[in-house]
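Thanks for coming. I will go through one structure today, and I will keep it short.

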Amino acid sequence: MPRTSTAAPKRVLLAAPRGYCAGVDRAVQAVERALELHGAPVYVRKEIVHNKHVVEELAERGAIFVEDEAEVPEGAIVVFSAHGVSPAVHENATARGLQTIDATCPLVTKVHVSARRFAADGYTIIMIGHEGHEEVEGTTGEAPDSIVVRDPEKVAWLSQTTLSVDETMATVDAIRERFPALLDPPSDDICYATQNRQLAVKEISPEADLVIVVGSANSSNSVRLAEVALEAGAKAAHRVDDATEIDESWLEGVRTVSVTSGASVPEDLVDGVLAFLTARGYPDAQAVHTAEESLIFALPPELRRDLRKAAAGQKSDQAAE
């Protein structure tokens, strides 16, 4: 009798949710609409989001990315990235007569508000995050004089929104051992998208021979997703910017591939990875849903104001014809 193969069939598990969060979508749209409304160039302080493909595409359309607002010509339009900026940056922009569009994620803004409130109430703030990250710099800039512990009974913590929830809470536990009266931030300061994407990758990792995370190297949440995948039981995990970075050798002996993407990754990059897998004998992806996301943030108020003016002007011109 012929021997029958007992090898498990190949399969692809696709995390849901994945990719763009509401804050990233809002920030990218802000630059796109500013270019449509005002024409090129539109300056952007830092990368609007941490994804090289998004940044390159916007640069091709006329966005100019700068490291500091001092590089923006006086009176020009500048968009602040989704990661937020400190009050000093706003002051510098005003002094230079810059037309600002603040694309800070509203969830990051909530953390800024908490920083100001804690500082006003006399608390020392312990900021958990990656040194030099734009979000950390923006938040600490809200209360620069509140970083040295003066009263161990009045200490509060805040965190970068894109950190691992589990890792953050482990750090908080360690801080609380030193400062038992440590005050927690409001629960809604924690980024829903970071939590949801980490929960999703935990769901698709235990059975995975390989997890592919789509996202750029400077994307904190993308890098962390690969780490979470390994912690959840994946045999291997790799972060790639796109399908061209996949090494064929990763697929040797691999039956189950799980795929996800960071919060600043457009879906076409995920589609490219799935097409790469399809071309190598893997079937259509099976979506694994762990949460539904319906949150949408309005465009920055400065941009909504200018869009209304433009629409009113267009109506006026049509009426005059």
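**Overall make-up**

The protein has 10 helices and 11 strands. Keep in mind that this is a predicted model. Along the principal axes, its C-alpha atoms fill a box of roughly 85 × 70 × 30 Å. There are 321 residues, and 48% of them count as buried. The exposed surface is about 15400 Å², with carbon and sulfur atoms supplying 51% of it. As for contacts between residues at least 6 apart in sequence, 76% of them join residues at least 24 apart.

**The five-stranded sheet**

Let me begin with the sheet of 5 strands. The sheet is open, the pairing is parallel, and the order reads β9-β8-β10-β1-β11. Its edge strands are β9, residues 237-240, and β11, residues 286-289, each of which pairs on one side only. On average, neighbouring strands in this sheet are turned by 25° against each other, ignoring direction.

Look at β1, residues 11-16, which pairs with β10, residues 256-261, in the parallel sense over 4 bridges. Which residue of β10 is the bridge partner of arginine 11? That partner is threonine 256.

Two helices go with these strands. Helix α8, residues 220-231, lies across β8, β9 and β10, and runs at about 165° to β8. Helix α9, residues 267-278, packs on the sheet and touches β1, β8 and β10, with its direction at about 165° to that of β10.

**The four-stranded sheet**

Now the other sheet on my list. This one is an open sheet of 4 strands with parallel pairing, in the order β3-β2-β4-β5. At the edges stand β3, residues 63-66, and β5, residues 99-102; each has a single partner strand, so one side of each has no neighbour in the sheet. From one strand to the next, the twist averages 30°.

Strand β2, residues 42-45, pairs with β3 in the parallel sense over 4 bridges. Within that pairing, valine 44 has phenylalanine 65 of β3 as its bridge partner. Helix α1, residues 22-38, packs on this sheet, where it touches β2, β3, β4 and β5, and its direction makes about 155° with that of β2.

**Nonpolar cores**

In soluble globular proteins, nonpolar side chains tend to be buried together. Here the largest nonpolar core has 31 residues, and Val31, Ile48, Val49 and Val79 touch the most other members. Elements giving two or more residues to this core are α1, β2, α2, β4, α4 and α7. Which of them gives the most? That is α1, with 8 residues.

Take valine 49 from that core. Leaving aside residues up to four places away in sequence, valine 49 touches Val24, Ala27, Val28, Val54, Val55, Ala82, His83 and Ser264. There is also a second, separate core of 20 residues, which includes Leu14, Leu210, Ile212 and Val259.

**Histidine 133**

One last residue. Histidine 133 sits in the loop between β6, residues 124-128, and α5, residues 134-140. Is histidine 133 buried or exposed? Its relative accessibility is 9%, so histidine 133 counts as buried. Beyond residues up to four places away in sequence, histidine 133 touches His50, His83, Gln160 and Thr162. A polar atom of the histidine 133 side chain also lies 3.0 Å from the backbone nitrogen of glutamate 135. His83 has come up before, as one of the residues that valine 49 touches.

That is what I had.

Key: Residues are numbered from 1 along each chain as its sequence is written. This is a predicted model: local features need pLDDT of at least 70, side-chain atom pairs count only at pLDDT 80 or more; totals for chains, interfaces and linings use all residues. Side-chain values use heavy atoms; hydrogens and water are left out. Two strands pair if DSSP finds at least two bridges between them. Axes are lines fitted to C-alpha atoms, for helices over the stretch in contact, and angles run from 0 to 180 degrees between N-to-C directions. Contact means heavy atoms within 4.5 Å. Buried means under 20% relative accessible area, exposed over 50%, partly exposed in between (1.4 Å probe, protein chains only). A polar contact is a pair of N or O atoms within 3.5 Å; within protein, one must be able to donate a hydrogen and the other to accept it, and residues adjacent in sequence count only if both atoms are side-chain atoms. A nonpolar core is a set of buried Ala, Val, Leu, Ile, Met, Phe, Trp, Tyr and Cys residues joined through side-chain atoms within 4.5 Å. Accessible areas come from the Shrake-Rupley method with a 1.4 Å probe; for residues, only the protein chains shown count as cover.
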